[in-house]
Structures are given as C-alpha cells and as structure tokens.
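Me: I would like to go through this structure slowly, asking at each step how a word is justified.

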Amino acid sequence: TMKSVAILAALAGSAAAFSPATTGKASTALQGSVFDDYVGAVDFRGKELKWDPLNLSETYEPFQGWFRECELRHGRTAMLAVMGFIATDYVRIPGDYFSFETIPKTVDAHDALIASGPMWNLLLWIGLFDLVITAPAVQAMGNGEREAGDFGWMWFAPKDKAAFDKKRESELMNGRLAMMAVGGIATQSIISGHGFPYV
C-alpha cells in the first residue's frame, strides 16, 4: 500500500543521516569551463559563483550559447512582465477590452483576454518575431557570428569592455531576480486577491 511505501521511503532517507561522510573533495565550481567563457558567474552580492549542480553546461556543451540565449530572453521577458504586472494595477491602455470595468484585477487579464480575443494577436506577433528575428539570430549564434542575446542594440553600451561586462552582469542578475519575482507576483496576487503590493 501507499502507506507502507511512504514509511519505507522515510526510513531509507533517515538512514542516510547516519552513514559515514564521504572523504572526496566535492565542489560545484567548474574549472576551465563555461564560467570562464561567459559573463555572469556572480551572486547577488557581486561575489564569484560558479554554480551548475546538474552539470548541464558541460554535459550539453554544444548548447551553451542556446542556454545563455534562453536565460537572457526569459530574463528580459520577466523584467517586462514584472513592470507590466505592477503598472496595469494603476494604468491601462485605451479600449473597452482593457478597462478596469472589464478586467478589475490584473491577474484575471490572461483568461479574459483569451476569451475576448486580443491575446491571440499577441501570440501571432510573438510567433512572427520568433520566425523573422529569433530563428536567424540563433542560427547566427550557432555559426559564431553573434554572441548570445546580442541583437545589435548598442546605442547606450559603454565603450570600455570592463564597464560593458559589468552592465551584462547587471542584466543577468536583474533578469534572474525578475524570473523569480514574476512567479511570486502571480502566486501572491492569486492567493491574496489583491493587486500591488500583493498583501
């Protein structure tokens, strides 16, 4: 029965607490790895953090650029999502579809806008962007013609390499925080039923 399986699993897990400690040297820092090739091996304090517990960057080495591209894209999207989630509690674009009367709470916008139609436009335009921009960009990245996340928008980029790398680290850190934040915002707004500050 399920009860017996749960008891056996708990016993097996607790037995590991009394097993002897391993004497081998364990480290999550990878030497001579992807962390040496890419910017962003830092924690929130700016200290070095070479963390890849599943060893994905070494196991799937040909996909390292794709992993970074995905991290940057999801981080940028999450930063926009956090701002959009907060802003739409106070301001809406014109139109009956988007009014406070039609959609009183931001968290209800997804389902309401799928039912009424505007979300299908969003899906169409994002799909078109992926076909026209993202697919060729990823192919160029695979051929070594561009770096991950680089779409050539360098108008405000620092000219100094060290300053530019610092900006890239900041973008990664803000994106990582935003990816966690947008999940927390969505969860908290559903649980509390309130908008910003979600309490």
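**Contacts, helices and an enclosed space**

Reply: In this predicted model, 55% of the contacts in the chain between residues at least 6 apart in sequence join residues at least 24 apart.

Me: What makes two residues count as being in contact here?
Reply: Their heavy atoms must lie within 4.5 Å, and the 55% refers to pairs that pass this test and are at least 6 apart in sequence.

Me: How do you know which elements the chain has, and in what order they run?
Reply: Helices are DSSP runs of at least four residues and strands are runs of at least two; the chain has 7 helices and 0 strands, so the order from the N terminus is written α-α-α-α-α-α-α.

Me: Why is the space counted here called a cavity?
Reply: A cavity is a set of points where a 1.4 Å probe fits but cannot get out, and with a limit of 30 Å³ or more the count is 1. The largest cavity holds about 40 Å³ of space, so that value passes the limit.

Me: What makes a residue part of the lining of the largest cavity, and which helices supply at least two such residues?
Reply: A lining residue has an atom within 4 Å of a point; α4 (64-87) and α7 (161-192) each supply at least two, and α4 gives the most, with 5 residues.

Me: Why are 4 residues of this lining called charged?
Reply: Asp, Glu, Lys and Arg count as charged, and the lining includes Glu-71, Arg-76, Glu-171 and Arg-176, so these belong to the charged class. The lining also has 3 nonpolar and 2 polar residues.

Technical notes: Residues are numbered from 1 along each chain as its sequence is written. This is a predicted model: local features need pLDDT of at least 70, side-chain atom pairs count only at pLDDT 80 or more; totals for chains, interfaces and linings use all residues. Side-chain values use heavy atoms; hydrogens and water are left out. On a 1 Å grid over the protein atoms alone, a cavity is a set of points where a 1.4 Å probe fits but cannot get out, and a pocket is an open set with protein on both sides within 12 Å along at least five of seven lines; lining residues have an atom within 4 Å of a point. Grid points are joined across faces, edges and corners, and a volume is the space filled by probe spheres set on the points.
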